[in-house]
Amino acid sequence: MVFSFFKKSKLQILAPVNGAIIPLEEVPDPVFSQKMMGEGIAVIPTSGNIHAPVNGTVILIAATKHAIGIRADDGTEILIHAGLETVALNGKGFVAAVHEGDRISVGQLLIEVDWDYIQKHVKSTVTPIVITNSQEKGRQFTLTKEVNAILGKTVIISSP
């Protein structure tokens, strides 16, 4: 007898923002490009705010609101880091729409971002999406071959 409800479903991480997709290795910051934080992908945002890429729980919101950590329902931990060196903005250009501990659903607004402000004040708007526990889970992740991210539609990372 097979109980299909015990079967783990495939993880699909959707684009949290609209933009051009680039490999993590091309992010102009060694912490991300050398995968010190984990496996992932990045988006160069063209429009939109940061939205939930999975169903899960908010486990971290940076005091400066530039980064958010999520634990997907399957235990995968995802960091979305809006722009590079954005911690220096001390929260300017960002408004958090959720709090640590909140349950979130795919597509839910997480952080409002003023990309024009960000672009004028930091090195880059490149937004890494990283699986911070990718090594410890021992799972394989597939990164999209797509070049354009459509918020809530494009699967950017998946796992069997």
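The points below comment on two sheets and three individual residues of this structure, which is a predicted model.

1. The strands S4, S10 and S8 make up an open sheet, in the order S4-S10-S8, and the pairing within this sheet is antiparallel. Strand S4, covering 50-51, and strand S8, covering 94-96, stand at the edges with a single partner strand each, so one side of each is left without a neighbour in the sheet.

2. Within this sheet, strand S10 (residues 109-113) runs antiparallel to S8, and the two are joined by three bridges. For a reader who wishes to locate this pairing in the model, Ala96 has Ile111 as its bridge partner in S10.

3. A further open sheet is formed by three strands in the order S1-S14-S12, and here too the pairing is antiparallel. Its edge strands are S1 (11-14) and S12 (142-143), each of which pairs on one side only.

4. The connection between S12 and strand S14 (residues 155-159) consists of two bridges, with the strands running antiparallel. Leu143 can serve as a reference point for this pairing, since it stands opposite Ile157 in S14.

5. Turning to backbone geometry, Lys35 deserves a check, for its phi is near 55 degrees, a positive value in a residue other than glycine. Lys35 belongs to the loop that lies between helix H1 (30-33) and strand S3 (39-47), and with a relative accessible area of 24% this lysine is partly exposed.

6. Asn90 likewise calls for a comment, because its phi is positive, at about 50 degrees, although Asn90 is not a glycine. The residue is placed in the loop between strand S7 (77-81) and S8. Is Asn90 buried or exposed? Its relative accessible area is 64%, and since the cut-off for the exposed class is over 50%, Asn90 counts as exposed.

7. Asn148 is part of strand S13, which comprises residues 148-149. Its relative accessibility is 49%, and it therefore counts as partly exposed, given that the exposed class requires a value over 50%.

8. Which residues does Asn148 contact, once its neighbours within four places in sequence are left aside? The contacts of Asn148 are then with Gly19, Ala20, Ile21 and Thr154. As for its position relative to Thr86, Asn148 is separated from that residue by 62 residues in sequence and by 23 Å in space, taken from C-alpha to C-alpha.

How values were computed:
Residues are numbered from 1 along each chain as its sequence is written. This is a predicted model: local features need pLDDT of at least 70, side-chain atom pairs count only at pLDDT 80 or more; totals for chains, interfaces and linings use all residues. Side-chain values use heavy atoms; hydrogens and water are left out. Two strands pair if DSSP finds at least two bridges between them. Helices (H or I, at least four residues) and strands (E, at least two) are DSSP runs, numbered from the N terminus. Buried means under 20% relative accessible area, exposed over 50%, partly exposed in between (1.4 Å probe, protein chains only). Contact means heavy atoms within 4.5 Å.
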